[in-house]
Each structure stands twice: as structure tokens, then as C-alpha cells.
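Colleague: I am new to this structure and would love a close look at a single part. Could you walk me through that part slowly and then show me what lies around it?

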Amino acid sequence: MTKRAIVAAVHLSSVSDLEFDASLAELRQLAKTLGFEVVATFTQRRAGFDKAAYFGTGKREELRLLREQHGAEAILVDHEISPSQAFNLEKELGAEVMDRTMVILEIFHRHARSRTARAQVEIARLGYMAPRLREAAKQAGPKDRARSGTGGRSGGESHGELDRRKIRDRIAELQTELDAMDLGRRTQRARRQERQGLARVALVGYTNAGKSTLMRALTGSDALVADKLFATLDTTVRALHPETVPRVLVSDTVGFIKNLPHGLVASFKSTLDEALEASLLVHVVDASDPGFERQLAVTDEVLDEIGAQAVPRLLVFNKIDRGGDEAALRAKHPGCLVMSARRPGDVAKLHGAIAAFFQRDLVEAELFLPWNAQKTRGEVFDTCRVLEERSDAAGVFLRIRGEPEAVKRLSEQFGAPRRAP
Ligand SMILES: Nc1nc2c(ncn2[C@@H]2O[C@H](COP(=O)(O)OP(=O)(O)O)[C@@H](O)[C@H]2O)c(=O)[nH]1
Ligand SMILES: [Mg+2]
């Protein structure tokens, strides 16, 4: 069941309307990603945050009424607020309060797949939780201490102290794990080898650029890849539809976030693993966003930082139906695609460009699979296009066309001697 949420923010005088609106729009998008239905947006102009509860007294009452009116279960605040501000706000509003950092942490938590990514996100979450537990313990007051004094804990430790110590230990443990993982390089390499020969595309770019929309348009709404080969992959991996040869798998990434809290940068990069495994990155840019040039530059920079500079990229300027200078974009970024996810013809062009990328350097080979090697048959059909198939008493001849890497691997094992002309 979707939870209703109100997105709320103090508009500081130092922040332009444009920036403020963009940030709110992004938070709404992030909320949607988390499965919230955003029922209202609530703002207050103020020189600074209220020390006690973020919004001023009168505005808090207004927000409480708005919350009741909409039956909202959560208030999402577009800043990182202090534990006591969050606590006071929750008490007054009678709803769960999540600040921007918590929303982002929750999204990263859901998207972290590799061990490295999971450890990094957990460290960030624990670091975020620690002061909040302290606040909760403080609010619980002396009763908590009195109770815990008789509760068998040694040294008269309060709940809070004990939890804090546990958190510190856990962070240290995770850090050791991370170091031992050698930044996950080995696992990554192993995983990449495992998926060699699979044609994979990752959609990257800022939130709200239209990645998920394009993903749906490119793959057909519910064409979930249920093949057991991909059982370990996230459900956001789908095959290009109509199907192509080789079959191309598309994955959606978390997306870049405009106001990413500093402490989350490492976790964010980790969740981008998906991008490293792709053979092609489709970099989606919202051409109608006034800040798109800077976003484009930041995305490129971060991709380079995580070691994705060697992965070919296709630059896609989306949302051109909302305006934007198509000719200027083409002139400035040769080879880019300017499109709208709302136009089926444009989506077909993108589909074509992706398919062409993977067909560009396909090679042909002949294989001979003895009858006792029929297990490999499935793999051949999954990764290559079979142009011809003949069998005799000893096994099956296959003429295949596919990606050089896959064809080479198969040929090394099952290459058939070339027939004399
Ligand atoms: N006008 C217009 N809106 C679009 C286009 N592509 C996506 N959108 C809208 O932009 C918003 C964000 O899209 P989404 O796919 O969720 O972005 P993501 O955060 O990159 O996954 C949604 O409201 C989409 O309907 C487009 O080409 N034109
Ligand atoms: Mg999305």
C-alpha cells in the first residue's frame, strides 16, 4: 500500500526560486522512488530554520492541519534537520518525519547490491542514526536510565549508551570488511566475467531526467527478465523490446541527486556499480532543466571517478517536447540523440541506436557441439544469433553471429575447423 506524504521545506532567503523549486521537485521524485504518494507541498519563507522544530510555530500548526486534511502519514523535509528538530516536529504533527538525508539513505539502501555498496550504505546509515538514537534516549529521560539500572546491563549503561557503543563497533567492523574487500575489485571482476557476453545497457543521469520512463518505453511495461541466469540481478533489469540480437538488457540506476548530502557521496558512488558492468551507458539529460549543462558535467566527472571512463556512452537529451534548442545541442554534442520519451518515434530511434551499438562489431564463427556438450547450446542461443544449424552422428554444427568476446570464448572451446571451400 502506498503511503501518503507531504513534501515540506523552509525557503531560505539566500536560495533563488529556481533552485528551491528544483530541489522540491527532486524530493518529490525521490519520494515517488520510495513508493510514497506525494499529496501536497508545503513551504515557508524564513531567514533561517526554527531552532526547535524547523518551521515557525504558526506554520507548524498549519502543517498539522494540512496533514490531517490529507491523511498523510509522513512529512518529508527538504533539508537535513537535527535529531531534536525532527523529534519535536514529529510530536507536533503526529506523523513520521523524514529529512532529505534519510530519504536518500533509504533509496541507496534499496539499491545497494554489491557487498561493497551495502557496507558503505550501512556505514552512512549508522552514522546518521547514532545522534538520533542519542536524542531518543535523551527524550526518554531518566526513566530509561532508572529502568536500565535494574535491567541487568553492567555499569549502569543507558539504552542510548549501549546502542551507541554497538553502532560504533558495527561501523568499525564494516570498515574493516570494506578494507578487506579491496574495494570489492575482486568480486566485481568475477561478476563481470560471469556476465561476459551479455549485452548490457545502464541508464544513468540525474533524477527526473526520464530514465525510468525510457526504461519502460524501451522494454515494454512488464517484460521482466525472469531467466534464471539473471536471478541475482535487480528487478529493474529488463530486456530491450522488441527483442534484438544479441538480446540487450537494460538497467535503471538510482540516478544522480542535485543536493546530495556530503556524507553520502561514497555510498552513492557504490550504488553506481551497475554502470561499471554495462557495455554501454545511456546518459539521459533533461534538456528542459535550466541546470542541465552542469548536471551533464558532474555526471561525466563522477562516472570517470568510479572507473567508468572506458565504457562507451550515448548521450541522450530527453524532454525536448518541453522546449530546448535541438540544433544547438546537436552542434555542441556530436553524436547525441535529442528526443522525447513521450514520442514513440523517438523511443524507436533510441531502441535502434542501442541495438546498432551491439550489432556494430558482431563476428561470425562456426561451432561444433558434440552430443555430450549440449548444455552449452542454451548459452549459445542466449548470447549469439544462430544463423545455421546442422547435426550429424557426432553432434551439432552451429554457425553463429555474436559479440566478439562471447564468440571467441565459445570458439576456443567448440570452434569447428573451417571447411575447405
Ligand atoms: N514532457 C516530458 N516529460 C517526461 C519525459 N520523460 C519523462 N518525463 C516525465 O519526467 C518525470 C520524471 O521521469 P522519470 O522517468 O521518473 O525520471 P528518472 O528519475 O530519471 O527515472 C516523470 O513525471 C515523467 O513522466 C519527456 O520526454 N517529456
Ligand atoms: Mg527513476
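Modeller:

**Strand 3 and what surrounds it**

Let me begin with strand 1 (residues 3-12), which pairs with strand 3 in the parallel sense over four bridges. Two strands pair if DSSP finds at least two bridges between them. Strands (E, at least two residues) and helices (H or I, at least four) are DSSP runs, numbered from the N terminus. This is a predicted model, in which local features need pLDDT of at least 70 and side-chain atom pairs count only at pLDDT 80 or more, while totals for chains, interfaces and linings use all residues. Residues are numbered from 1 along each chain as its sequence is written, chains are lettered from A and ligands numbered from 1 in the order in which they are written, and side-chain values use heavy atoms, leaving out hydrogens and water.

Within the pairing with strand 1, A5 has A74 of strand 3 as its bridge partner. Strand 3 is also joined to strand 4 (residues 96-99), again by four bridges and in parallel. There, I75 has V97 of strand 4 as its bridge partner. What about the two faces of strand 3 (residues 74-77): which residues cover them? A74 and L76 lie on one side, I75 and V77 on the other, and all of them are buried. Buried means under 20% relative accessible area, with exposed over 50% and partly exposed in between (1.4 Å probe, protein chains only).

V77 leads us on to L89, a residue of helix 3 (residues 83-93). Leaving aside neighbours within four places in sequence, L89 is in contact with A53, Y54, R60, V77, I81, G94 and V97; contact means heavy atoms within 4.5 Å. So L89 touches V77 as well as V97, and L89 counts as buried because its relative accessibility is 0%. A53 is 36 residues away from L89 along the chain, yet their C-alpha atoms are separated by 5.3 Å.

Y54, another contact of L89, is worth a pause. Y54 sits in the loop between strand 2 (36-46) and helix 2 (57-70). The phi of Y54 is near 70°, a positive value in a residue other than glycine. Y54 counts as buried, at 0% relative accessibility. Strand 2 itself holds Q44, which is buried too, with a relative accessible area of 13%. Not counting residues up to four places away in sequence, Q44 touches A9, V10, H11, F55, G56 and K59.

Now let us step over to another sheet. Six strands form an open sheet in the order 6-7-5-8-9-10, with mixed pairing. Strand 6 and strand 10 (337-338) stand at the edges with a single partner strand each, so one side of each is left without a neighbour in the sheet. Strand 5 (residues 199-204) and strand 7 run parallel, joined by five bridges; among the pairs, L203 has D252 of strand 7 as its bridge partner. Helix 9 (residues 211-219) lies across strands 5, 6, 7, 8 (280-286) and 9, running at about 155° to strand 7. Such angles run from 0 to 180 degrees between N-to-C directions, with axes fitted to C-alpha atoms, for helices over the stretch in contact.

Two loops by this sheet carry unusual backbone features. P242 lies in the loop between strand 6 (237-239) and strand 7 (248-252), and the peptide bond from H241 to P242 is cis, with omega near 0°. K319 lies in the loop between strand 9 (313-318) and helix 13 (326-332); K319 has a positive phi of about 60° although it is not a glycine.

Helix 9 also brings us to ligand 1, giving the most to the shell around that ligand, with three residues. Of the 16 residues around ligand 1, Q29, N208, K211, T213 and A341 come nearest; a residue is near a molecule if one of its heavy atoms lies within 4 Å. A nitrogen atom of ligand 1 is 2.8 Å from an N or O atom in the side chain of D321. Taken alone, ligand 1 exposes 580 Å², and the protein buries 84% of that; accessible areas come from the Shrake-Rupley method with a 1.4 Å probe, and for residues only the protein chains shown count as cover.

To set these parts in the whole, the protein has 16 helices and 13 strands, and 47% of its 421 residues count as buried.

Definitions and conventions. Polar contact = N/O pair within 3.5 Å; in protein donor to acceptor, adjacent residues only side chain to side chain.
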